Each structure stands twice: as structure tokens, then as C-alpha cells.
Amino acid sequence: MMLSAFAPSVQFLIFSYGTVVGLGCGLVYTATVTITCQYFDKRRGLALGIVSTGTSLGGFLYATGQNKLVELYGLEGCLLIIGAVSLNLMACAGLLRPLHPPGYYLRQREALQRAEEEEERGPARPEEPPQTTGTAAVAKDPLIARTTRRRAVGGACCGRWGGGATLHRAYARSTGRFLRDRVFAALCVALFLFTLGAFPPVLFMEDVAQSEGLVDGVGALPLVSIVAVATAPGKLALGAMADLRWVNSAHLYAFTMAATGLALLLIPASRSYAALQVLSAVVGFFSGNWSITPYITTRLVGIDRLPEAYGVLMFFGGFGYLLGPPVMGWFYDWTQSYDVAFYFSGGCVLLGGLFLFLSALPCWERTQREKARPEIQRASNCDKMASVA
């Protein structure tokens with residue numbers, strides 16, 4: 001982000017701010033929610049809601065403060081200040097510790113321990129003649145000792161990356177298993193439609209108000225800030241509701257999508273700025289369903305496979321984020337109005353919620369059990385005939 005302050009062209013800004021910052025935000029968010037899911041079991045939904053409220057507070061402060069920062073320090077100074085604040089993520093990330101360290105970390109630690117043991121055993125044989133190579137030289141020369149340690153660690157890493165093709169094939173097979181799950185595949189499609197339809201209108205709500213003559217310039221409390229503020233209680237409330245035993249988390253997610261879609265469909269019919277503020281608050285509240293997305297994923301695939309499954313899910317969400325703003329801008333260029341764009345956005349979100357709701361119905365499980373029963377009975381009859389024979 002700080003590098004974007006020195007961008008010489010728009011193409012460089014797309015790379016530095018769009019690609020690099022987007023990649024970093026995706027990595028930070030995925031790691032945070034997966035580690036949180038590992039630490040909490042009984043109140044996992046509420047814990048995810050509390051953790052994710054920080055993004056809502058940051059979105060509110062950023063949306064309300066960026067205009068002031070641009071006025072005082074210019075665009076370059078604004079990017080430098082926000083980038084400097086973002087560097088504190090490194091200190092916060094240093095406190096995060098997964099309960100189960102990854103395999104490559106354990107292998108590297110084991111290689112380091114073996115190298116240190118060889119160093120300690122080196123001076124224990126004084127009767128041997130001095131050597132320029134080997135463990136004795138390692139013990140005498142710290143530089144060689146560090147080199148040996150790096151080689152030991154590097155050998156473990158090379159062994160790990162040597163089977164890269166096998167790892168890729170295993171990853172592709174596990175991804176296929178995830179997508180063969182009916183509810184998980186429906187959740188991927190629903191998240192794609194949600195990010196395709198619900199995210200772009202947030203960016204264009206202020207333009208809608210200005211184009212309709214409902215407000216002159218940017219208000220003291222922009223609509224984007226209202227969305228960000230309303231997202232915080234939405235994340236807390238939806239996370240707490242997901243922990244209830246009688247609540248189906250997939251159906252809860254589908255309900256939030258339906259409510260968001262209806263609010264988006266009502267925005268073109270709004271004829272006052274107060275109505276837009278209310279609808280922005282509704283969109284923000286139900287957009288807090290991001291707090292229950294990792295909760296649903298954990299219920300579907302288990303805590304051990306959560307990082308991989310959540311990465312697949314975020315791929316579909318990121319694809320919707322990528323396509324949403326250009327598609328909405330194309331609708332505006334085509335019609336010179338935001339009405340069709342908002343109808344398209346609301347329809348996408350409603351369709352995703354309906355698809356997820358139908359896929360998570362219990363009747364599918366009952367049908368599968370009924371289909372499996374005749375096969376079991378047929379197999380038992382065959383066994384009886386074999387035993388009689």
C-alpha cells in the first residue's frame with residue numbers, strides 16, 4: 001500500500017494496490033479465521049463474530065477518514081499513512097499460533113535439531129586428527145556450522161518440494177471431494193453470487209444518491225460507512241445465532257442472502273436519502289454473514305480440512321469480487337442508470353440464497369438413505385442364498 005503512493009501509472013497502481021494488497025488481505029483473513037476456529041469449539045460462531053468485527057470498525061474509520069486524509073496530505077500521503085498503520089498487522093500476526101503446527105515446520109525443526117546434535121557431538125572426540133571438513137570443522141567454525149544447518153534445513157525443504165507434483169495431484173483430488181459434497185458446492189455457488197451482487201452496490205450507493213439529486217456531494221456520514229457500522233452488530237448477532245442448536249447455519253446464511261437481495265432490489269425505488277440510509281444499514285447488517293462462513297465450512301468438512309476447504313470457498317468469493325464492479329459498470333454504461341445494475345445484483349443474491357436453501361434441505365439426506373436401503377437388503381439376500389448353497 002505504501003508502494004502505491006509512488007505509483008508512476010495506473011497499471012502499476014492496479015498491480016501494487018489491487019494485486020499485492022488484495023493477496024495480503026486474503027492471506028491475513030483466511031489465516032485469522034482458521035486459527036480462530038481451531039481455538040474455539042463451543043462458542044465458535046460468537047468468537048468468529050467478535051474477531052471479524054474489527055474489519056467493520058476499520059471499514060467505518062477508513063471510509064469516513066480517507067476524505068479528510070486526502071484533503072490534508074493528498075492521495076500519496078493518505079496511502080502512506082494507511083500503509084504505515086497496516087504494518088501493525090505484522091505485530092498482531094506474531095501473536096497468532098496454530099494449535100497444530102504444519103508438517104513442513106515440524107520437518108524443518110527436526111532437521112535443525114539433528115544439525116545441532118551433530119555440532120554438540122563434534123568436540124567430544126579430541127583424539128581424532130584435525131579435519132577441515134566434517135563435524136569437527138563445524139564445531140570450530142561458526143560460519144560452517146550455520147552453512148551446515150542451512151543445508152540440513154534445505155534438504156528437508158527440497159525433499160518436501162521434490163514431491164510437488166504428488167502434492168498438486170492430492171490437492172486436486174481433495175478439492176474434487178469437497179465439490180462433490182452437495183451443500184459445500186452450493187455454498188461455493190452462493191458465495192460467488194453473493195460477492196458478485198452484494199459487494200458492487202456498496203461502492204455505487206453514494207453515486208445513486210447524487211445522480212437522483214438526493215444529496216449534494218458526500219454526506220458527513222457516507223452510505224459506505226453506514227454499511228460498515230451495521231456489519232459489526234450483524235456479525236455478532238449472526239455468529240451467536242449460529243451457535244444455537246436449533247439453528248441450521250446453512251439456512252441462516254441463505255436467509256441473510258435473501259434479506260440482502262430484497263434490500264438491493266428496493267434501492268432503485270428509494271426517493272429519499274433517509275430510505276437509502278435505512279437500506280444501507282439492512283445490507284450491512286445481513287452482510288455480517290461473513291462471520292458464519294467459516295463456521296458452516298467447519299461443520300461441513302471438519303476442523304482438520306478447514307484451511308484447504310476455506311481456500312476453495314474464498315476462490316469462488318474472490319472471483320465474484322473480481323467480476324462484480326466491471327459488470328455493474330457495464331450495466332450503467334449501457335443504460336445510463338443504476339436501476340438495472342441494482343436489479344441484477346439483488347437477483348443474483350436472491351438466487352444464491354434460494355439455491356443454498358434448497359440444497360441444504362433435509363429431504364435430500366432422507367432420499368439418499370432410502371436409495372441406500374434396497375442395496376443393503378439386496379446384499380443381505382445374496383448372502384443368505386450363498387450360505388444356503
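Colleague: How much area does the chain expose, and what share do carbon and sulfur atoms supply?

Modeller: The chain exposes about 22,500 Å². Carbon and sulfur atoms supply 66% of that area. Accessible areas come from the Shrake-Rupley method with a 1.4 Å probe; for residues, only the protein chains shown count as cover. This is a predicted model: local features need pLDDT of at least 70, side-chain atom pairs count only at pLDDT 80 or more, and totals for chains, interfaces and linings use all residues. Residues are numbered from 1 along each chain as its sequence is written, and side-chain values use heavy atoms, with hydrogens and water left out.

Colleague: How many helices and strands are there in the chain?

Modeller: Helices (H or I, at least four residues) and strands (E, at least two) are DSSP runs, numbered from the N terminus. This chain has 15 helices and 0 strands.

Colleague: What percentage of the 389 residues count as buried?

Modeller: Buried means under 20% relative accessible area, exposed over 50%, partly exposed in between (1.4 Å probe, protein chains only). Here 35% of the 389 residues count as buried.

Colleague: Why does cysteine 37 count as buried?

Modeller: Cysteine 37 counts as buried because its relative accessibility is 0%. It lies in helix α1, residues 10-39.

Colleague: What does cysteine 37 touch, beyond residues up to four places away in sequence?

Modeller: Contact means heavy atoms within 4.5 Å. With those neighbours set aside, cysteine 37 touches Arg44, Leu48, Pro294, Thr298, Ile303 and Leu306. Take proline 294: it is 257 residues from cysteine 37 along the chain, yet their C-alpha atoms are separated by 7.7 Å.

Colleague: In the whole chain, what share of contacts with a separation of 6 or more comes from residues 24 or more positions apart?

Modeller: Such residues account for 77% of those contacts.

Colleague: Where is serine 280 found, and is it buried or exposed?

Modeller: Serine 280 sits in helix α11, residues 273-286. Its relative accessible area is 0%, so it is buried. Leaving aside neighbours within four places in sequence, serine 280 contacts Met205, Leu223, Ile226 and Val227.

Colleague: And which helix holds threonine 53?

Modeller: Threonine 53 is in helix α2, residues 44-86. Threonine 53 counts as buried because its relative accessibility is 18%. Outside its neighbours within four places in sequence, threonine 53 is in contact with Ala232, Lys235 and Leu236.

Colleague: Now a residue from another class. Why does glutamate 116 count as partly exposed?

Modeller: Its relative accessibility is 38%, so glutamate 116 counts as partly exposed. Glutamate 116 is in helix α4, residues 103-121.
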